[in-house]
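Please open the two-chain model in your viewer and keep the selection panel at hand. The tour below proceeds selection by selection.

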Amino acid sequence: MKPRQKRFALVALGVAALAGAVTLVLTAFEDNMVFFFTPTQIATHEAPQDRTFRIGGMVEENSLERGADGTSVRFLVTDTAHRVAVTYTGALPDLFKEGKGVVAQGRLGADGVFAASEVLAKHDENYMPPEAAHALEQAKKAQATVVQ
Amino acid sequence: MSDSQLSATRAPSAGVSLFHYASPQTFFPLAGKLLWPSWIAAVALTLAGLYTGFFIAPTDATQGDSYRIIFIHVPAAWMSMVVYLAMAFWCAVGLVFNTRLSFMMSSALAPTGALWAFVALWTGALWGKPTWGTYWAWDARMTSELILFFLYCGYMALQAAIDDPRRADRAGALIAIVGAVNVPIIYFSVKWWNTLHQGASVSLTQSPSMASTMLTGMLLMALAAWAYTIAVALMRVRAIMIERERQTDWVRQLATGETKA
């Protein structure tokens, strides 16, 4: 083997070994790398019980209730399979909307209600002009009436 | 000696071989010739991209006008990853073939890559506050991009800390190559883990999930970022070549005006 080929083999071997090591580490840390838990994970008791964590999912349609004081809210977070009630006091981000993604940080109470200390809006990767969004909504409504 | 090696050493007479430009002496004038076209392309594409992005593209249905950050944020984030892979590539070539110019290319790319990573993080924070409700969150996408920025800084700091350029190159190459594993982690983070950052709107396997004028503006800005990166890296690599090779005949001839730049 020429020295140049030997050096190439060394670099390639090094990169391959490193990639393998990183893969193993990431697989081992899999559970600790999640930014939020889904309602299903909470239902199956995968979420931590005694410390704060984040819950993520969709705000269920028609589930948002505002308190009498005007700053406290209560809504359901769903991943279509399970749902969790969330209470929060404070200003909600602009993009917070029913039917849209949300990530809330807080603690799960004994009553199964998630008391959030911070609510973030998570939005999707779709970008479209308002007219297109309107047209999509109309189409969805039309379809719903046909089904009914 | 085999045939291929013979032809490589004879390259100047037998057409243009890529190996011909592997030495600083021959690459210097070529880089100089490529400089102006790159700058012109960068300026033209930036103007076209900004005009498309800010005057032609419609507002977004949910985010309003704040989505227009993508015309800077997305190209910057892409380039921060591409530039790092280019650095790692040149470092690997330098280690294997023992070529001086490869390491110089890597050094020339590093500051621009760091700039792109910084721009991506900064614009992302400014956009995150109105849309998500926070400037920063420790999710996988943002954390790995921050690590990329630190890798750039570490590479530059390490190279600057070692006086002997050959040793500095080898030490830097180690950071560049080892750090390259971070790039696929950044790219796939939104797929592998639950993140606050949304998934990719543009990918090779799916049709893009955005209106076409928005996409046009973003792609124009991405091309502009490429052109700018190439132009700046060529300028910087020319400066590095002259600095490192100042003891050689070709630089002396350049300085006395015996050869044209």
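Select helices α5 (residues 140–161) and α7 (182–192) of chain B; helices here are DSSP runs of H or I with at least four residues, strands are runs of E with at least two, and both are numbered from the N terminus. In this predicted model, α5(B) and α7(B) pack at about 160°, and their axes are 8 Å apart. Axes are lines fitted to C-alpha atoms, for helices over the stretch in contact, and the angles between N-to-C directions run from 0 to 180 degrees. The angle therefore makes α5(B) roughly antiparallel to α7(B); the classes are roughly parallel under 35 degrees, roughly antiparallel over 145, roughly perpendicular from 65 to 115, and oblique for the rest. The crossing of α5(B) past α7(B) is left-handed, a term for a near helix turned anticlockwise from the far one by less than a right angle, with clockwise giving right-handed.

Next, display the side chains at this contact. From α5(B), the residues B:Ala140, B:Arg141, B:Ser144, B:Glu145, B:Ile147, B:Leu148 and B:Leu151 meet B:Asn182, B:Ile185, B:Ile186, B:Ser189 and B:Val190 of α7(B). Two residues are in contact if their C-beta atoms, placed from the backbone, lie within 7 Å. By class, seven of the residues in the contact of α5(B) with α7(B) are nonpolar, three polar and two charged. Nonpolar covers Ala, Val, Leu, Ile, Met, Phe, Trp, Tyr, Cys and Pro; charged covers Asp, Glu, Lys and Arg; the others, Gly among them, are polar.

A word on conventions: residues are numbered from 1 along each chain as its sequence is written, while chains are lettered from A and ligands numbered from 1 in the order in which they are written. Because this is a predicted model, local features need pLDDT of at least 70 and side-chain atom pairs count only at pLDDT 80 or more, whereas totals for chains, interfaces and linings use all residues.

Keep α5(B) selected and add α4 (100–131) of chain B. The angle between α4(B) and α5(B) is about 150°, with 9 Å between their axes. That angle makes α4(B) roughly antiparallel to α5(B), and their crossing is left-handed. On the α4(B) side, the contact includes B:Ala110, B:Pro111, B:Ala114 and B:Phe118; on the α5(B) side, it includes B:Leu148, B:Phe149, B:Tyr152 and B:Met156. The contact of α4(B) with α5(B) has 14 nonpolar, three polar and one charged residues.

Now replace α5(B) with α3 (70–97) of chain B. The axes of α3(B) and α4(B) come within 7 Å and cross at roughly 155°. These two helices, α3(B) and α4(B), are therefore roughly antiparallel to each other, and their crossing is left-handed. Their contact has 20 nonpolar, nine polar and no charged residues.

Zoom out to the whole of chain B. Chain B has nine helices and zero strands, and its C-alpha atoms fill a box of roughly 65 × 35 × 35 Å along the principal axes. Of its 261 residues, 38% are buried; a residue is buried with 20 or more other C-beta atoms within 10 Å of its own, exposed with 12 or fewer, and partly exposed in between, with C-beta atoms placed from the backbone. Among contacts in chain B with a separation of 6 or more, 74% join residues 24 or more positions apart.

Pick B:Thr205, in the loop between α7 and α8 (212–244) of chain B. B:Thr205 counts as exposed because it has 5 C-beta neighbours inside 10 Å. Its C-alpha atom is 28 Å from that of B:Phe149, 56 residues away along the chain.

Bring chain A into view. How many residues does each chain give to the contact? Chain B contributes 34 residues and chain A 31. On the chain B side, α3, α4 and α6 (165–179) each supply at least two residues, and α3(B) gives the most, with four.

Finally, select A:His45, in the loop between α2 (39–43) and β1 (53–59) of chain A. A:His45 has a positive phi of about 60° although it is not a glycine. Most residues other than glycine have a negative phi. A:His45 counts as exposed, with 8 C-beta neighbours inside 10 Å.
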